[in-house]
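I set out to record what could be looked up in this structure, entry by entry. The notes run from overall confidence to local detail.

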Amino acid sequence: MDTLNTWLADPMARTVGGLLALALASWLTATVVRRTLVGGMRKLAARTTWTWDDVLMDHGTLRQLTRIAPTLIIQFGIGFIPGLPATLVALIRSLALAGTILFLVLALGAMLNAIEEVYRRASNGTRSIKTYVQFLKIALYIIAAVVIVATLINRSPLILLSGLGALSAILLLVFKDTILGLVAGVQLTSNDMLRVGDWIEVPAAGADGDVIDIALHTVKVQNWDKTITTIPTWRLIADPFKNWRGMTEAGGRRIKRALLIDAGSVHFLGDDDVRRMAESRVLRGYLTDKTGEVTRFNAALGEDGHSPLNQRRLTNLGTLRAYALAYLKTHEGIRQDMTLIVRKLDAKGEGIPLELYCFTKTTAWSEYEGILSDIFDHLIAILPEFGLRLYQKPAGSDLREAIERIGSGTSALAGPRA
């Protein structure tokens with residue numbers, strides 16, 4: 001007992017003992033709060049049907065708040081330690097207050113992250129407020145840094161903020177991308193120009209794929225070859241881009257492709273050709289109506305009808321066009337409530353383009369390509385039934401065979417030499 005009294009009588013011993021007691025109290029407070037409050041809230045969140053409380057716990061919002069407890073113990077307890085100089089007490093109190101501000105800002109940042117995730121889940125991942133969240137966090141961290149520095153140097157934060165006015169030009173240069181990204185993000189979000197999951201094409205950036213992330217500074221696009229293209233957010237306002245969301249929401253994907261018909265295979269249909277093609281269920285109605293129309297027109301010509309130049313006749317190309325249109329109207333993979341036409345485009349050096357313009361019932365890429373391929377496989381294979389050929393540039397083997405035929409014919413006509 002005398003030893004304890006002697007130790008307590010020593011000012012240095014009382015100071016060291018007080019510091020140890022304050023450190024122990026801070027540690028015990030942090031441990032108890034973390035285990036009881038955080039552990040209890042985690043169990044309570046697991047039992048509720050809400051999702052927002054689970055998200056808050058996952059992002060560590062409450063865990064950051066519990067770290068404030070020991071700093072508060074130090075702030076209010078340091079003044080009761082005997083023998084400490086006033087300047088040291090003020091310094092420790094300022095450090096503890098700076099720690100309180102730091103952990104409070106970290107908790108607010110975690111809460112903002114939780115809010116962003118809750119919103120993203122509520123919108124099924126299609127909408128994002130990550131741009132706003134990141135900007136708020138940057139502003140929050142800047143304000144916290146100013147307040148912490150002001151606390152450590154024992155000055156008013158307003159004095160530091162007033163001094164930042166002279167550095168505004170430098171700050172504008174430093175945060176140029178942030179400001180541009182914020183403005184672009186606001187325009188993209190408010191005008192609903194871009195969502196996570198949209199298929200976009202940005203030719204200037206070489207991007208063609210799905211949007212996987214929209215942030216303050218960048219937009220990430222996963223291309224179809226699984227590569228990732230990172231685009232500055234402001235470029236989506238400065239440069240044009242195509243968003244395919246309208247196609248997905250409409251529920252139909254466009255087919256706009258042409259068959260190149262060899263012009264040399266186009267001719268009029270004879271009576272035998274018409275009778276043979278009339279056996280087709282798809283063409284029967286068309287040929288009946290068209291033949292009657294042509295017959296009535298030619299009969300009205302009178303004596304002028306004897307000249308083939310005055311007569312109207314069916315062509316194999318026009319009949320193919322009618323067949324392709326009727327085929328699309330009966331195809332189960334083509335939407336009948338959207339534009340559906342088969343048209344002949346301007347003839348060029350690569351043949352006569354016969355274009356199909358229609359929409360599939362699916363927007364999935366693989367299914368769309370399957371429907372498109374089936375349609376054109378069928379039409380290409382059926383061209384000989386109409387006496388038509390697909391235009392194809394001559395290959396080396398075609399030229400070689402032609403030269404060989406010409407050579408063999410020339411030697412046969414020349415005959416044996418005398």
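The entries below cover the chain as a whole, then its strands β1 to β3, then a nonpolar surface patch.

**Entry 1: confidence.** I noted at the outset that this is a predicted model. I looked up the mean pLDDT of the chain and found 81; 87% of the residues score at least 70. I then asked where pLDDT stays under 50. The stretch is residues 411–418, and the model has zero contacts there beyond four places in sequence. I keep in mind that predicted coordinates should not be read in detail where pLDDT is low.

**Entry 2: the whole chain.** I looked up the secondary structure and recorded 17 helices and eight strands. Of the 418 residues, 32% count as buried. For the accessible surface of the chain I noted about 25400 Å², with 62% of that area belonging to carbon and sulfur atoms. I also checked the contacts between residues at least 6 apart in sequence: 63% of them join residues at least 24 apart.

**Entry 3: strands β1 and β2.** I turned to β1, residues 199–202, and β2, residues 207–214. These two strands run antiparallel and are joined by four bridges. As one point of register, I noted that Ile200 stands opposite Gly209 in β2. The two strands form a hairpin, with four residues between them. In the turn of this hairpin I found Gly206 with a positive phi of about 70°.

**Entry 4: strands β2 and β3.** I followed β2 to its pairing with β3, residues 218–223. How many bridges join them, and in which sense do they pair? I counted five bridges, in the antiparallel sense. For the register here, I recorded Lys220 in β3 as the bridge partner of Asp213. β2 and β3 also form a hairpin, with three residues between them.

**Entry 5: a nonpolar surface patch.** I looked up a nonpolar patch of about 490 Å² on the surface. Its residues are Leu88, Leu91, Leu95, Val149, Leu152 and Ile153. I asked which elements give two or more residues to the patch, and found α6 (86–122) and α7 (130–152). The largest share, three residues, comes from α6.

**Entry 6: Val149.** I singled out one member of the patch, Val149, which lies in helix α7. Why does Val149 count as partly exposed? Its relative accessibility is 41%, and the partly exposed class lies between 20% and 50%, so Val149 belongs in that class.

How values were computed: Residues are numbered from 1 along each chain as its sequence is written. This is a predicted model: local features need pLDDT of at least 70, side-chain atom pairs count only at pLDDT 80 or more; totals for chains, interfaces and linings use all residues. Side-chain values use heavy atoms; hydrogens and water are left out. Patches are made of residues with over 30% relative accessible area and no salt bridge: like charges are joined within 9 Å, nonpolar side chains (Val, Leu, Ile, Met, Phe, Trp, Tyr) within 5 Å. Accessible areas come from the Shrake-Rupley method with a 1.4 Å probe; for residues, only the protein chains shown count as cover. A salt bridge is a side-chain nitrogen of Lys or Arg within 4 Å of a carboxyl oxygen of Asp or Glu. Buried means under 20% relative accessible area, exposed over 50%, partly exposed in between (1.4 Å probe, protein chains only). pLDDT is the predictor's confidence in each residue, from 0 to 100. Contact means heavy atoms within 4.5 Å. Two strands pair if DSSP finds at least two bridges between them.
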